[in-house]
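Q: Please take a close look at the empty space in this structure, explaining step by step what surrounds each place. I am a first-year student, so a careful, connected account would help me most.

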Amino acid sequence: MKNVLLVDLGTPRDEISEPLGIETLAPYVEAALGDQVSVDVKSLELDNLETVQPYLEQKKYAAIGLSTKIRAYDKFQRSMAATMHYASESKVFIGDILATYAYDDVLGQYPEVICVRGEGEESFPLALKAVFEQDDARLEGISNLAFIRSGRLVETERAPFDVKKALLPKRLLTQEVLKQHGIGRLEASRGCAYANCGFCGVIEKYAGREWKPFPLEFILQDLTVLSELGFISPYFTDEDFFGNDTDRVTQLAGLIGEGKRAGNINRDINLYINLRANSILGVGFGGEEEAVKLLTQLKVAGLREVFVGIESGCKDQLAKRYTKGVTKQKNIRAINILRDLGLEVDLGFIFFDEDSELPELRENLNFIYEANIARHDCQLIKRLRVEPRTPIGVKFAATHPSAKIDLNAVEYPYRFKSAAVEAIFYTFCEWQRADLDVIYNLQAFCRGEIPSGYSRQEVKGIISQYRELDVQFLDAVIAVFEDGQDNKDGRVREVIKEFAVHRNTLDSFLAQRVYWLNSNFRRFKT
Ligand code: SF4
């Protein structure tokens, strides 16, 4: 019997998110290798660890799979050092973000590992088997792998996984996630029916453009498991919940309702999904009226919150650079439809990118005011991550041949082309740094399971007030650069001073409650 360890390395944020990737892989390993293996599934986040070392001190593993995340390269490096020291005989496999988007750079540093690119349900067990049978030559015939052989990089063919054959995840860590008020997650589909946004890694992740719906029975069974375990607010991880089959959404809403009425699914279960703005507008399936009908059916089944990646209110960013396939007016309409239905709205927004110009920053701000989202709990003021192997990342690499991937952020670092935009962005980052940890913690609270007696709305309300101040601060800084007068540094300093007073006033009303929430529900660091 060989021991296999699967570890989710987590992120530096204090958000407890169910490590669904490794819980998904575990049953495939067991199905393929049967009683030849014993699989342990661990999460550094749940165990509050910075490295896999304690696991390796306790048990000898023949193979170790590390599921990597953004901004966790230090945890990855520490874990690799631990495997070399405590488990030098073990084979190490890398999955998720680093293995999918930056495998060549990772292999440059760790040539002994095997990277599993994208979906690993079929590839990982086959690769494990080949390694256990000491038949490394077989690896070249297994899809979705990258590794070094005789000093050369081998990238095997890509192959999407057929989710119709999916096995239910082995929810070994779910109970602990619930205990820590974390986020329970499940899948209803993978991929995106649009698959055309310039910054998006969906094609690389799933080895193609296909939108792949899981069978309805699978979704229902998985939701029932989460319900039985005690989850009230699970998240669907789907990139595009409607995809190109809205009849299926109607059926699913009906089945969830039936499950609730029959007592198989907790009646209080409420759901979070991701939708494209065009889906909310019913583009391609009967327009707004049909979309509202569908959303209403889902709401009756328990839909609570919808994430929409609106990304921008700037014409050129939306159409030319992000290639979102929507206009700012459509984005506003989508937000309003959700609000009118009484659904909570979560938003994706990428305010700055390499090509942003000063007037475009104003265009985005005007959009934020017009859409009435300045006082919203989402972080709207962010910059684009140029992720390798996305359409924008590929273009960036071609035009910047000496660019090196930042393996911690899994992105190509870049300078803004406009000096004014660069100054504004870093002024804002500095301003935001003062309360970023606190806000992340509060956000994590909202996203996770809410302990009884507490309200997600209350915490969102607190975050929104800080976010609104962020927008006002950014507006004032942009105004300094717009007016053509001199002494910009001095005037920016004045803005910072003025807004520090506003923030102190806000803090004096809210800080006590914020600190109390954080100290009670998160590993809050000061
Ligand atoms: S709509 Fe979302 S999932 Fe689809 S390509 Fe755009 S960002 Fe990616």
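**Empty spaces and their surroundings**

A: When the whole structure, which is a predicted model, is searched for enclosed space, two cavities of 30 Å³ or more are found. The idea behind such a search is that rolling a probe the size of a water molecule over the atoms shows where empty space is left.

The largest cavity has a volume of about 50 Å³, and its lining consists of C378, Q379, L380, I381, F428, Q432, R467, D470 and V471. Two helices, α18 (419-433) and α20 (456-482), each contribute at least two residues to this lining, and α20 gives the most, with three residues. If you compare the residue numbers with the helix ranges, F428 and Q432 fall within α18, while R467, D470 and V471 fall within α20. Sorted by class, the lining of the largest cavity holds five nonpolar, two polar and two charged residues.

The second largest cavity has a volume of about 40 Å³, and the residues that line it are E119, G120, E121, E122, S123, S143, N144, A159, P160 and F161. Here the classes are three nonpolar, four polar and three charged.

One of these lining residues, S123, leads us to a sheet, since helix α7 covers residues 123-132 and lies across β1, β2, β3, β4, β5 (114-116) and β6 (145-149), running at about 165° to β4. The sheet is open and has seven strands in the order β2-β1-β3-β4-β5-β6-β7, with mixed pairing. At its edges stand β2 (37-43) and β7 (152-155), and because each has a single partner strand, one side of each is left without a neighbour in the sheet. Direction ignored, neighbouring strands of this sheet are turned by 20° against each other on average.

Both kinds of pairing can be followed in this sheet: β3 (residues 63-68) and β4 (residues 91-95) run parallel and are joined by five bridges, whereas β6 and β7 pair in the antiparallel sense over four bridges. As one example from each pair, A63 has K91 as its bridge partner in β4, and I148 has L153 as its bridge partner in β7. The strands β6 and β7 form a hairpin with two residues between them, and S150 in the turn has a positive phi of about 50°.

From the cavities we can now turn to open space, where the second largest pocket holds about 360 Å³. Its lining has 18 residues, and those nearest its centre are R321, E354, D355, I392 and K395. The helices α14 (315-321) and α17 (391-399) each supply at least two residues of this lining, with the largest share, five residues, coming from α17. By number, R321 belongs to the range of α14, and I392 and K395 belong to the range of α17. The lining of this pocket divides into seven nonpolar, four polar and seven charged residues.

Lastly, the ligand has its own surroundings, made up of C192, A195, N196, C197, F199, C200, E239, R276 and K324. In this shell five residues are nonpolar, one is polar and three are charged.

Note on methods:
Residues are numbered from 1 along each chain as its sequence is written. This is a predicted model: local features need pLDDT of at least 70, side-chain atom pairs count only at pLDDT 80 or more; totals for chains, interfaces and linings use all residues. Side-chain values use heavy atoms; hydrogens and water are left out. On a 1 Å grid over the protein atoms alone, a cavity is a set of points where a 1.4 Å probe fits but cannot get out, and a pocket is an open set with protein on both sides within 12 Å along at least five of seven lines; lining residues have an atom within 4 Å of a point. Grid points are joined across faces, edges and corners, and a volume is the space filled by probe spheres set on the points. Ala, Val, Leu, Ile, Met, Phe, Trp, Tyr, Cys and Pro count as nonpolar, Asp, Glu, Lys and Arg as charged, and the others, Gly among them, as polar. A residue is near a molecule or strand if one of its heavy atoms lies within 4 Å of it. Two strands pair if DSSP finds at least two bridges between them. Axes are lines fitted to C-alpha atoms, for helices over the stretch in contact, and angles run from 0 to 180 degrees between N-to-C directions. Contact means heavy atoms within 4.5 Å.
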